[in-house]
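Hi,

Here is the structure I promised to pass on. Have a look, and my notes follow below.

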Amino acid sequence: MLRRLLAAAALLGAAPFAMADCEFTVEVGDGLQYSVTEMTAEKSCGTVKVTITHTGTLPAQGMGHNWVLSAASDVDSIAMDGISAGFDNNYLPPGDERILASTKLVGGGESATVEFSVADLAGDLMFFCSFPGHTALMKGTFKLV
Ligand code: ZN
């Protein structure tokens, strides 16, 4: 994706920091790390599409990852509530309005996609993994420009 973004930026003659897009692929593996720590989407996208791809080999039960978007101030409480929601709920409280977008948990070789409207999103947003014990390391900022 980075190559594509750089190519797009070059085509547009855009400044290097203006790396915004409407579609993202985020890679995860058998460690507690996303391939990106910051994502910038354009509000003019209307709808943003995020695909999480697990390039590792471990199953979702042991090393599952998801991609969850919320207000930065809600990350810790959602993750806490997600633990009691359990694996069958992707470690997320079902129907929780604090969750702005989320994928299911993926294990090695799996991927999942979520599409969501960014029209009404504002404030400091973060993406994170709600698998128990992952959230402290697996999170990043989601910016709208
Ligand atoms: Zn994770």
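**What I found**

The zinc ion has an irregular site, with angles of 84 to 130° among its four donor atoms (four donors count as tetrahedral if all angles lie between 85 and 135 degrees, or as square planar if opposite donors are over 155 degrees apart and all others between 65 and 115; anything else is irregular). Before you go further: this is a predicted model, where local features need pLDDT of at least 70 and side-chain atom pairs pLDDT 80 or more, while totals for chains, interfaces and linings use all residues. Numbering runs from 1 along each chain as its sequence is written, and side-chain values use heavy atoms, without hydrogens or water.

Back to the zinc ion: its protein donors are His65 (ND1), Cys129 (SG), His134 (ND1) and Met138 (SD), at 2.1 to 2.7 Å. Donors here are N, O and S atoms within 2.8 Å of the metal (3.2 Å for Na, K and Ca), and with water not among the atoms, sites may look incomplete. Along the chain the spacing reads H-x63-C-x4-H-x3-M. Met138 counts as buried because its relative accessibility is 0% (buried is under 20% relative accessible area, exposed over 50%, partly exposed in between, with a 1.4 Å probe and protein chains only). His134 is buried too, at 4%, and Cys129 at 0%.

There is also one disulfide (cysteine sulfur atoms within 2.5 Å). Cys22 and Cys45 form it, with their sulfurs 2.0 Å apart, and the link is left-handed, at -85° about the S-S bond. Cys22 is partly exposed at 27% relative accessibility, whereas Cys45 is buried at 18%.

Cheers

Key. Four donors count as tetrahedral if all angles lie between 85 and 135 degrees; four count as square planar and six as octahedral if opposite donors are over 155 degrees apart and all others between 65 and 115; anything else is irregular.
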